[in-house]
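Reader: I am new to this structure. Please walk me through its labels and the reasons behind them.

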Amino acid sequence: MKIAFYGSDWSSDCRDSKEILERHKVEFEDYDLSRDSEYSRIAKQISGGSNIPVIRFGDGKFLINPSKEVLLEELRNREIINPA
């Protein structure tokens, strides 16, 4: 399942979410908003707002600035990571 991550390194929420993905060895495409304004436009189009990170799953469902718990729960429910 392809995961797109729209965020920026200056955001602690983005760093936290990215750390979870990396720790669990979840593959994702990293779209750094500070590198390309087109990424910001896409993230805003997906979420309808400017909060980041925006994490979009291959089926089109997305999370906007999820808490650690919500992100982990979504990854477990989708069986991307083991329920532990």
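Reader: What makes the contact between the side chains of Asp-9 and Lys-18 a salt bridge?

Author: This is a predicted model. In it, Asp-9 and Lys-18 come to 3.4 Å, N to O. The cut-off is within 4 Å, so the pair counts as a salt bridge.

Reader: Why is Lys-18 called buried or exposed?

Author: Lys-18 has 12% relative accessibility. Buried means under 20%, so Lys-18 is buried. Its partner Asp-9 has a relative accessible area of 45%. That value lies between 20% and 50%, so Asp-9 is partly exposed.

Reader: How do you know that Glu-19 and Arg-23 meet in a salt bridge?

Author: Their N to O distance is 3.0 Å. That is within 4 Å, so the label holds.

Reader: What separates Glu-19 and Arg-23 in helix H1?

Author: About one helical turn, because they are four residues apart in helix H1, residues 12–23. Glu-19 is partly exposed at 39%. Arg-23 is partly exposed at 47%.

Reader: Why are Asp-32 and Arg-35 given the labels buried and exposed?

Author: Asp-32 has 7% relative accessibility, under 20%, so it is buried. Arg-35 has 70%, over 50%, so Arg-35 is exposed. Their side chains meet in a salt bridge at 3.7 Å, N to O.

Reader: Which residues are linked in a network of salt bridges?

Author: Asp-59, Lys-61, Glu-74 and Arg-78.

Reader: How many salt bridges does a search of the whole structure find?

Author: Eight.

Conventions. Residues are numbered from 1 along each chain as its sequence is written. This is a predicted model: local features need pLDDT of at least 70, side-chain atom pairs count only at pLDDT 80 or more; totals for chains, interfaces and linings use all residues. Side-chain values use heavy atoms; hydrogens and water are left out. Buried means under 20% relative accessible area, exposed over 50%, partly exposed in between (1.4 Å probe, protein chains only). Helices (H or I, at least four residues) and strands (E, at least two) are DSSP runs, numbered from the N terminus.
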